[in-house]
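Please explain how this chain is held together, taking its charged pairs and its nonpolar interior in turn.

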Amino acid sequence: MRWREWTPLALLGGALLVGAALWLTVLVILNALRALRGGLRRPDVPPATRALLDRYAGQHAGVRGVLARVRDTADLVATRPTAEGCLPALRDTHRRLTDEVLPHDSAEERQLHPALADPLGGEVTSTMGREHVEIHRLVDALGGHLARADGRLRPDQVPDLLASLSGLDAVLRLHLAQEEEDYLALDPDPPAPGR
């Protein structure tokens, strides 16, 4: 098939990415307004919790690297789903999500969220937990598509793959922004984003 036959899918992928970006912008603005409503009170955080904050902040650079890979892979699926490198790129992105992002999220659930439940309140940590569930669901959806791909992507897989990749892009961006705003702002000397 020629690339021109995929132009509608490329447009759909582009529209999904733009829609996800707009939705993310709205959520970040709403979250910022929520934070402003709460004032500038900085709760007391024990030293052990501060050490956890530093540890997870340091891991954000790796998560941002995977996020960039998700965007690049979405572009490839949208514009050249039958290209020779498309399926290997999807496999690599799925592997990095599975090996780097999911363990980071799981460790936060086990260690950081319980430590922050008192200083921040359960509402903030439960929101992060719901985002972790959505990230896991979308990574599983990618894995399901890869399991069904028989050496190449089928045309009927492309729209759902684009939706999953766009969703991951949006949720991961929002999640990182919220963590840096809500959690890492508790640290009096937070690292620069993207450290």
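Asp92 has a relative accessibility of 25% in this predicted model, so Asp92 counts as partly exposed, since that class begins where the buried range, under 20%, ends. Arg69, at 23%, is likewise partly exposed. The side chains of these two residues, Asp92 and Arg69, form a salt bridge with an N to O distance of 3.3 Å. Asp92 belongs to helix 3 and Arg69 to helix 2, so the bridge ties together parts that lie 23 residues apart in sequence.

A second bridge joins the side chains of Arg71 and Asp169, at 3.7 Å from N to O. This pair links distant parts of the chain, with Arg71 in helix 2 and Asp169 in helix 5, 98 residues apart. Are the two partners buried or exposed, or something in between? Arg71 is partly exposed, with 29% relative accessibility, whereas Asp169 is buried, at 6%. The value for Asp169 falls under the 20% limit, which means that this acidic residue is classed as buried.

Asp169 also forms a salt bridge with Arg173, and here the closest N and O atoms are 3.2 Å apart. Both Arg173 and Asp169 lie in helix 5, four residues apart, or about one turn of the helix. Arg173 is partly exposed, with a relative accessible area of 31%. Elsewhere, salt bridges with shared partners connect Arg69, Asp92, Arg95 and Asp99 into one network. The count of salt bridges comes to eight. Side chains of opposite charge can pair when their charged atoms come close.

The nonpolar residues come next. In soluble globular proteins, nonpolar side chains tend to be buried together. The largest nonpolar core in this model consists of 30 residues, and Val77, Leu90, Leu97, Ile135 and Leu168 have the most contacts inside it. Two or more residues of this core come from each of helix 2 (47–79), helix 3 (86–120), helix 4 (122–148) and helix 5 (158–183). Another core, of seven residues, lies apart from the largest one and includes Val45, Leu52, Leu53 and Tyr56.

What does Leu97 touch, once its neighbours within four places in sequence are left aside? Leu97 is in contact with Val66, Val70, Leu102, Pro103, Val139, Leu142, Leu168 and Leu172. One of these contacts, Leu168, is itself listed with Leu97 among the residues that have the most contacts inside the largest core.

Definitions and conventions:
Residues numbered from 1 in each chain as written. Predicted model: local features only at pLDDT ≥ 70, side-chain atom pairs only at ≥ 80, totals over all residues. Heavy atoms only, no water. Core = buried A, V, L, I, M, F, W, Y, C linked by side-chain atoms within 4.5 Å. Buried < 20%, exposed > 50% of the residue type's maximum accessible area, 1.4 Å probe, protein only. Contact = heavy atoms within 4.5 Å. Salt bridge = Lys/Arg side-chain N within 4 Å of Asp/Glu carboxyl O.
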